[in-house]
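Here's a quick tour through a multi-chain model, with an eye on charged pairs and on how the chains meet. Have the sequence and the 3D view open as you read.

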Amino acid sequence: MATGVKPRVRVPKSASAGEAITIKTLISHQMESGQRKDKEGNIIPRSIINRFTVDFDGENVIDVALEPAISTNPYFEFEATVPASGSFVFTWYDDDGDIYTEEKAITVS
Amino acid sequence: AALSLAALPMRALAATDMVGEAITAFTGGADVGERGITLTAPEIAENGNTVPIEVDAPGAAAIMVLAAGNPNPDVGTFNFGPLAASQFASTRIRLAGTQDVIAIAKMADGSFVRASQEVKVTIGGCGG
Amino acid sequence: GNWSRLAAQQAMTQDDLLSFDTSGNVTLIHITDIHAQLVPTWFREPEINLGVGEALGQPPHITGTDFLRRYGIEANSALQYALSYPDFSALARQYGRMGGADRIATVVKAIRADRPDALLLDGGDTWQGSLTALRTQGQDMVNVFNALGTDAMTSHWEFTLGLDRVTDIVDNHLQFPFLGANIFDAEWDEPAYEPYQMFERGGVQVAVIGQAFPYMPIANPGYMFPGLSFGVRQERMAEVVAEARAAGAEAVVVLSHNGFDVDRKLAANVPGIDVILTGHTHDALPEPLLVGKTHLIASGSHGKFVSRLDLDVRDGEVKGVNHKLIPIFSDVIAPDSEMTALVEAERAPFKDELTEVLGRTDGLLYRRGNFNGTWDDLICDALLEEREADIALSPGFRWGASVLPDQDITREDLMNATAMSYPEAYRSEMTGELLHTILEDVADNLFNPDPYYQQGGDMVRVGGMGYRIDINQPQGSRITEMTLLKTGERIDPTKTYVVAGWASVNPEVEGPPIWDVVEAHIRRQGTVSVSPNDSVQVVTG
Ligand SMILES: [Mn+2]
Ligand SMILES: [Mn+2]
């Protein structure tokens, strides 16, 4: 089980329709690569976030497949356009089966 | 000079067939062009464990990133949905040593383009 | 132009040094890399300063008689002494020490008497490099640069005081902007400092963009300024230039700590920059170097020079540039009494320490040069003997004042060559292979043909070991024939050697401060004699 996992996202509170808005996300996660050894020389099992998705009212913005070469505390920055007021849903999928989500509303004028 | 080294600064090379296999798996063996994709990475990594990279390929459906010198070259793939305002993304990656980072975009028409940049991982020290 | 006339006269006057045909409507005064030198000092310029790639044989990679010929400097003149290395010790006795904050204050006041709103811009490496700056955590330098009426600065060694102290100075003590367009918060990738400051001067808008040292967390200990990211960030510079232009800038000046060759490439790749005030690589050039429409200015180090630049800005662009590199001959330029008093007050608490004599040197102690210098040879000798090591390593720093032959070595002299915030003299075991890897790594940071892969220091200095370097080979193939001097045997990649060094960028390094190691060595020797170092064979062809 990954511990201390904490997602954070930065989304503007408002935008105009069709405007490209910048979104930044961070999730605190050690992203254990499966290549490190512990003090006894045993391989520390891989435990990473393997997928990250962003949807807006059910429509997809970005869907990322992650490998162990993504750094600790995975960071993503990308751009979205939104047609109307609504909510982004951010979802991180952990190797251990856990799913972390975060939701952010945006007002479109 | 330094005392201990997290990553040795010599050029790291994965088995080239692993890079080739990853590219073939993504492209299905199609020709890969060079125009229409930008990969931005620092010339010198401040920390090989967290190297910021940006990919940008207007009109792409997906962009795959590889680290040609890591023991496993796979880094990740960005798939862009209908609400992506651009086919741009930025993340941070681990590099085991000085090597080329490669980005390959699958364009909407099914063609492929690539870009690469050398990122130097150094032990550092010294200065003016 | 000014040079040959001045040299021909032999006897200099303050008026000669300050004479200037005032032109245009904007004046810039540039000083950089003073490395906390508040009083006049000696500083020998390099004998070996190799350029690679497009910089091969280009300024500032010209030394000695080639340099004198290129700029029309007469043999044995004051300018030979100031700008190059031949006959340094003899010329030093003839022409005296250079620099000093009180002489610089005189020059700044004289320029401002002529052009009251002249901008004084400091390129950084200001708060580190002396005993007093170390003891006061840079406060002496902050007080002096406030008093000089500085208008903006950028940074490098400043951050080795630790981020908390930098923040304290910027928020509570500094009376002018601390600029860094390329300094970002590493977590959210957002600008961490102001990128530029707009000044209205002579009725026109002048944007001064700050560019901090790009390789900060690599060349210096990253743990001292956590959460910050640097880098050349060429695209960011282009954006900031465009932003400044859009905000009405009619002249764009980059106050840079990139190093000269990095700035040469930046100037070629980023349009819209009128002037780059270069820093970090400690070059002093008598004339601007033009890259496209961008004027590169190199103002030396250690307070030896101040550059004056008059810009003629009309119709939204720079129409003309008039430049002079002013050498600060301390025996010719009268000290400014207010600044003398301030400097004395800053130094007073440390007076006994500063003047304490540790020993003598029979030869010139200098540092600057790509491969070795006698200061580092002395430091390596001290590390080998005091730390009982096979091999000693001393970083290729470009700062550190010189000591003339047959002079006392004071504690101030020693600290001028060693004062820094991570001075621990480590002792560790390294394989021959690791030593080779380290030398190859540092060599590539100096001789990579692409300037953006260069960090602007000099080659790590070695004691107890010799090697051959072919600078034109790729990384991994430059260094051969590594030899352990005490046995004459080749370094064995699989064998382990005891290595002593200092200034590691890693955290939790243990050992006495380097100045204690060197002091013990000097005291034991009484008079130090550094033998000529021919252990590094350089291949450039
Ligand atoms: Mn410097
Ligand atoms: Mn510097």
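A salt bridge here is a side-chain nitrogen of Lys or Arg within 4 Å of a carboxyl oxygen of Asp or Glu. With that rule, three salt bridges turn up across the interface of chain A and chain C.

Before going on, some ground rules. This is a predicted model, so local features need pLDDT of at least 70 and side-chain atom pairs count only at pLDDT 80 or more, while totals for chains, interfaces and linings use all residues. Residues are numbered from 1 along each chain as its sequence is written, chains are lettered from A and ligands numbered from 1 in the order in which they are written, and side-chain values use heavy atoms, with hydrogens and water left out.

**Where A meets C**

Back to that interface. Chain A and chain C bury about 590 Å² between them, and 49% of this is on carbon and sulfur atoms; buried area is the accessible area (1.4 Å probe) that two parts lose on being put together, summed over both. On the chain A side, A:Arg8, A:Arg10 and A:Lys24 supply 66% of the area buried against chain C, more than any other three residues. The contact (heavy atoms within 4.5 Å) takes eight residues from chain A and four from chain C.

One of the salt bridges you can look up here is A:Lys24 with C:Glu190, at 3.5 Å from N to O. The chain A strands β1 (6-10), β3 (20-28) and β6 (75-81) each supply at least two residues of the side that touches chain C. Strands are DSSP runs of E, at least two residues, and helices are runs of H or I, at least four, numbered from the N terminus.

**Salt bridges elsewhere**

Over all chains, the search finds 39 salt bridges. Here are three of them:

| Pair | Closest N to O distance |
|---|---|
| A:Arg51 and A:Asp63 | 2.7 Å |
| B:Lys120 and C:Asp444 | 2.6 Å |
| C:Arg347 and C:Glu412 | 2.7 Å |

Take the salt bridge of A:Arg51 and A:Asp63, 2.7 Å between the closest N and O atoms. A:Arg51 sits in strand β4 (residues 49-56) of chain A and A:Asp63 in strand β5 (residues 59-66), 12 residues apart. A:Arg51 is partly exposed at 33% relative accessible area, whereas A:Asp63 counts as buried at 18%. Buried means under 20% relative accessible area, exposed over 50% and partly exposed in between (1.4 Å probe, protein chains only).

The salt bridge of B:Lys120 and C:Asp444 crosses between chains, from the segment after β8 (112-119) of chain B to helix α17 (residues 432-447) of chain C. Both of these residues are buried.

Within chain C, the side chains of C:Arg347 and C:Glu412 also meet in a salt bridge. C:Arg347 lies in helix α13 (residues 337-347) and C:Glu412 in helix α16 (residues 411-418), so the pair ties together parts that are 65 residues apart in sequence. C:Arg347 is buried at 17% relative accessibility, and C:Glu412 is buried at 16%. Salt bridges that share partners also join C:Glu356, C:Arg411, C:Glu519 and C:Arg523 into one network.

**A look at chain B**

What does the secondary structure of chain B come to? One helix and eight strands, with the helix leading in the pattern α-β-β-β-β-β-β-β-β. Of the 128 residues in chain B, 56% are buried. Among its contacts between residues at least 6 apart in sequence, 67% join residues at least 24 apart.
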